[in-house]
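Welcome, and please open your viewer. We will go from stop to stop, and at each one you will hear what to select and what to look for.

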Amino acid sequence: MRLSRQTLDRLPATVIKPDYDPASIAIGIVHLGIGAFHRAHQAVFTDAVLARDPSWGICGVSLRSPETRDALAPQDGLYTLKVQDGSGEELQVIGSVVELLCAPENPQAVLDRMASPATRIVSLTITEKGYCHNPATGMLDENHPDVAHDLRNHARPKSAVGFIVEALARRASAGVPPFTLLSCDNLPSNGHVLKRVVTRFAELRDPALGDFVSRVASPSTMVDRIVPATTDTDRAQIAAALGASDAWPVVTEPFRQWVIEDEFPLGRPDWEKVGATFVDDVSAFEMMKLRLLNGSHSTLAYLGYLAGAETVADAMSLPGMEPLIEGLMREEVTPTLPPLPGFDLPAYRAELLKRFRNPALRHRTWQIAMDGSQKLPQRLLATIRDRLTQGASYDRLALGVAAWMRYARGVDESGKPIDVRDPHAARIAELIRGIDEPERMVDAFLGMMDVFGSDLSTSGPFRATLVKALTRLFEEGSAATLRFYAR
Ligand code: CS2
């Protein structure tokens with residue numbers, strides 16, 4: 001038996017099921033990047049409002065491979081969410097994703113859906129690199145191959161930017177008001193970054209279109225839920241509990257948070273009734289989450305991987321790791337955060353440590369280590385920049401950056417190759433080819449201005465701090481280095 005609308009009634013009574021008829025749901029949202037994170041976060045919030053308002057179903061679009069569509073379309077879009085921590089687990093079938101499209105196979109179907117007047121929100125989880133921007137400046141990378149392609153092929157775009165601008169152009173010429181753009185990626189001011197790249201792209205197509213796109217609503221959001229990639233063991237365990245197979249369930253933690261700026265000219269689901277928070281300005285929340293959670297996560301991932309820890313929970317149990325991360329958050333990050341009146345930061349930090357220790361989630365350090373060139377600017381480097389301005393120390397943050405360099409070199413501490421996934425992996429390999437000594441390696445990395453910005457690239461004190469950390473990583477290895485920095 002396979003999970004589907006037909007078999008829903010035959011699942012065990014303990015499994016939570018949609019409190020509406022999934023067949024009666026209409027599409028109001030097109031989501032670009034239908035990965036595990038979206039399905040464990042925004043789709044779950046939306047699932048909880050559909051009984052009240054069935055007009056907000058989701059069309060999930062993959063911009064690359066057909067895998068998710070192939071897994072979920074035979075299940076009518078239904079999938080299982082497994083929420084777990086050390087003390088228990090809960091299974092819920094989510095029904096909010098009612099259509100699945102694979103963009104490279106049928107870009108026309110995606111554009112039709114986005115241009116349809118019923119579509120009022122286009123949301124995105126396309127990861128940092130999906131924005132085709134320069135991470136240090138936040139501007140569109142006009143030399144990006146997908147950007148160049150999409151400027152020439154309006155009707156068959158590859159990038160999210162190309163799809164959004166073409167769909168908005170079609171709406172403009174049909175007299176349909178623009179949808180609201182809703183970026184849900186881990187970027188600071190994600191709504192502004194998205195608006196800036198789509199506006200620039202539209203201007204390059206046609207100044208009048210640029211003007212139209214510059215007026216589209218693009219609220220920023222802070223999203224948070226830890227969602228490791230699903231494994232075959234997860235699939236088998238969930239199938240046994242359901243008594244039915246599910247080709248692509250998602251596994252996550254109990255914690256979830258969504259803070260959103262309230263700017264939706266064509267309306268929105270009542271997400272605030274199901275746990276989301278609406279604010280005028282999300283930036284303080286974003287900065288807190290990116291610097292405390294994601295900054296720690298990346299540091300844990302590189303140091304942990306190098307020290308042989310397969311998962312975040314394993315990395316947390318390495319001697320010295322927890323004090324290191326606790327000190328990084330409290331002493332180095334917290335003084336850089338804008339005030340959040342009424343918010344209990346010490347409790348937030350303590351909860352983060354607990355979430356990282358969650359033994360039930362097998363969140364691989366290798367997964368978080370991906371795309372470091374795109375993640376480090378907002379997770380660690382912006383904080384370091386602020387600490388430099390304050391004349392304050394940033395040794396643990398710099399250790400995180402040095403650990404990325406050591407990792408991105410592509411060989412682990414026992415001499416085995418590391419499968420480094422990064423849009424700049426080849427460029428990095430080229431930059432550091434034949435270089436073995438830490439000083440020259442740091443200089444080679446610092447030449448990446450699109451990562452470090454012109455200021456950090458040329459900062460003597462920053463360079464010296466990195467060289468110290470990287471030297472120790474090479475000489476003593478990650479386990480000993482992190483114990484040293486934890487003191
Ligand atoms: C992680 C994030 O993979 C990563 O880089 O740091 O996906 C993290 O799990 C989420 O941002 C948590 O909300």
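Helices (H or I, at least four residues) and strands (E, at least two) are DSSP runs, numbered from the N terminus. Residues are numbered from 1 along each chain as its sequence is written. You are looking at a predicted model, in which local features need pLDDT of at least 70 and side-chain atom pairs count only at pLDDT 80 or more, while totals for chains, interfaces and linings use all residues.

**Stop 1: around the ligand**

Select the ligand, then look for the residues near it (C-beta atom, placed from the backbone, within 6 Å). Which residues are around the ligand? They are Asn-186, Asp-224, Arg-225, Ile-226, Leu-293, Asn-294, His-297, Gln-367, Ile-368 and Lys-375. Two elements, α10 and α14 (365–369), each give two or more residues to this shell. The largest share, three residues, comes from α10. Now colour the shell by class: Ala, Val, Leu, Ile, Met, Phe, Trp, Tyr, Cys and Pro count as nonpolar, Asp, Glu, Lys and Arg as charged, and the others, Gly among them, as polar. You should find three nonpolar, four polar and three charged residues.

**Stop 2: the largest nonpolar core**

A residue is buried if 20 or more other C-beta atoms lie within 10 Å of its own, exposed if 12 or fewer, and partly exposed in between, with C-beta atoms placed from the backbone. A nonpolar core is a set of buried Ala, Val, Leu, Ile, Met, Phe, Trp, Tyr and Cys residues joined through C-beta atoms within 7 Å. Select Ile-164 and Ala-402: of the 142 residues in the largest core, these two touch the most other members. Helix α10 (residues 283–306) gives the most to this core, with 12 residues. In soluble globular proteins, nonpolar side chains tend to be buried together.

Stay with Ala-402 and show its contacts (C-beta atoms, placed from the backbone, within 7 Å). Leaving aside residues up to four places away in sequence, Ala-402 touches Leu-466, Ala-469, Leu-470 and Leu-473.

**Stop 3: strands β1, β6 and β7**

Strands pair if DSSP finds at least two bridges between them. Select strand β1 (residues 27–32) with β6: they pair in the parallel sense over four bridges, and Ile-29 stands opposite Ile-121 in β6. Next add strand β7 (residues 180–183), which also pairs with β6 in the parallel sense over four bridges. Here Thr-180 is the bridge partner of Ile-121, and Val-122 stands opposite Leu-181.

Turn on the side chains of β6 (residues 121–124). Ile-121 and Ser-123 point one way, Val-122 and Leu-124 the other, and all are buried. In β7, Thr-180 and Leu-182 point one way and Leu-181 and Ser-183 the other way, and again all are buried.

**Stop 4: two positive phi angles**

Most residues other than glycine have a negative phi, and most peptide bonds are trans. Select Thr-127, in the loop between β6 and α5 (145–152). Its phi is near 65°, a positive value. Is Thr-127 buried or partly exposed? With 18 C-beta neighbours inside 10 Å, Thr-127 counts as partly exposed.

Then move to Asp-371, in the loop between α14 and α15 (372–390). Asp-371 has a positive phi of about 60° and is partly exposed, with 19 other C-beta atoms within 10 Å.

**Last stop: helix α20**

Select Thr-471 in helix α20 (residues 460–476). Thr-471 is partly exposed because it has 17 C-beta neighbours inside 10 Å. Add Arg-440 to finish: the two are 31 residues apart in sequence and 11 Å apart in space, C-alpha to C-alpha.

Key
Contact = placed C-beta atoms within 7 Å.
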